[in-house]
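Thanks for coming. I will take a few minutes to walk through one protein, starting from a single side chain and working outwards.

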Amino acid sequence: MCSSDLIAWVIMPEHVHLMLEPSKADDVPSILTSIKQPVAQRLIRSLRKSQDEALAAITTPAGEARAWQEGGGFDRNVRTLDELRREIVYIHHNPVERGLVSTPIEWEWSSARWYAELRGDGAGWGGRIPIDTSEVDWGLQNP
């Protein structure tokens, strides 16, 4: 079993950004598979059951439904604290860049509220879903 700590996240209408700290570097492929495979299976099953027209948009010419882009996704290794801060800011600002909200904390489906210390029941998803505590002191309470 592989494990990782969740550092930052945002759920966008058609994609997700996650910043994870794997317990071991070689766990990354297993972590990605354990996240992507069940999500894809459930999505495709749901679209087939409801006969949603979105199924056609994710079906290849060969008839295979694909919930994810081909390849392993866009991942990178973060090596410095400054780089980590930039990546967290990028993740949290994704909804702002898309014009969905004016500020990152307005987007409920993100860890931005957690970083802004908006963590109560009334704070939305960003307040109720905690970020795991990493064994590394990243010093990222307010990146």
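Let me start with Trp107. Its relative accessibility is 10%, under the 20% cut-off, so Trp107 counts as buried. Please keep in mind that this is a predicted model.

What does Trp107 touch, once residues up to four places away in sequence are set aside? The list is Val10, Ile11, Met12, Pro13, Pro95, Leu100, Val101 and Arg113.

Trp107 also has an aromatic partner. A search of the whole structure turns up two aromatic pairs. In one of them, the ring centres of Trp107 and Trp109 lie 4.9 Å apart with the planes at 70 degrees, so this pair is edge-to-face. Trp109 has a relative accessibility of 31% and therefore counts as partly exposed. The other pair, Trp114 with Tyr115, is edge-to-face as well, at 5.5 Å between centres and 80 degrees between planes. Trp114 is buried, at 18% relative accessible area, and Tyr115 is buried too, at 6%.

Now the core. General background comes before the particulars: in soluble globular proteins, nonpolar side chains tend to be buried together. Here the largest nonpolar core has 12 residues, among them Trp107, Trp114 and Tyr115. Strand 1, helix 3 and helix 4 are the elements that each give two or more residues to this core. From the rest of the membership I will mention Ile7, Ala8 and Val10, and also Leu84, Ile88 and Ile91.

Next, strand 1, which covers residues 4-11. Six of its eight residues are buried, so to speak of it as mostly covered is fair. Strand 1 and strand 2 run antiparallel and are joined by seven bridges. The connection between them is a hairpin of four residues. At one position in this pairing, Ile11 stands opposite Val16 of strand 2.

On to helix 3, residues 81-97. Helix 3 has 17 residues and reaches 23 Å from first C-alpha to last, close to the 24 Å expected. How much does helix 3 bend at Ile91? The bend there is about 30 degrees, and a proline, Pro95, follows within four residues. After the helix comes Gly99, with a positive phi near 80 degrees.

Which residues of helix 3 are buried? They are Glu83, Leu84, Glu87, Ile88, Ile91, His92, Asn94 and Pro95. As general background, an α-helix has 3.6 residues a turn, so residues three or four places apart point the same way. The cover over the buried residues of helix 3 includes strand 1, strand 2 and helix 4.

One residue in that list deserves a separate word. Glu87 sits in helix 3, and it counts as buried because its relative accessibility is 13%. Apart from neighbours within four places in sequence, Glu87 is in contact with Met19, Arg76 and Val78. Of these contacts, Met19 is also listed in the largest nonpolar core.

Last, the overall layout. The protein has five helices and two strands, in the order β-β-α-α-α-α-α from the N terminus. Buried residues make up 30% of its 143 residues. Among contacts with a separation of 6 or more, 50% are between residues 24 or more positions apart.

That is the tour.

Conventions
Residues are numbered from 1 along each chain as its sequence is written. Side-chain values use heavy atoms; hydrogens and water are left out. A nonpolar core is a set of buried Ala, Val, Leu, Ile, Met, Phe, Trp, Tyr and Cys residues joined through side-chain atoms within 4.5 Å. Buried means under 20% relative accessible area, exposed over 50%, partly exposed in between (1.4 Å probe, protein chains only). Contact means heavy atoms within 4.5 Å. The expected span of a helix is 1.5 Å times one less than its number of residues. The bend at a residue is the angle between axes fitted to the seven residues ending there and the seven starting there. Two strands pair if DSSP finds at least two bridges between them. Rings of Phe, Tyr and Trp (its six-membered ring) pair if their centres lie within 6.5 Å; planes under 30 degrees apart count as stacked, over 60 as edge-to-face and the rest as tilted.
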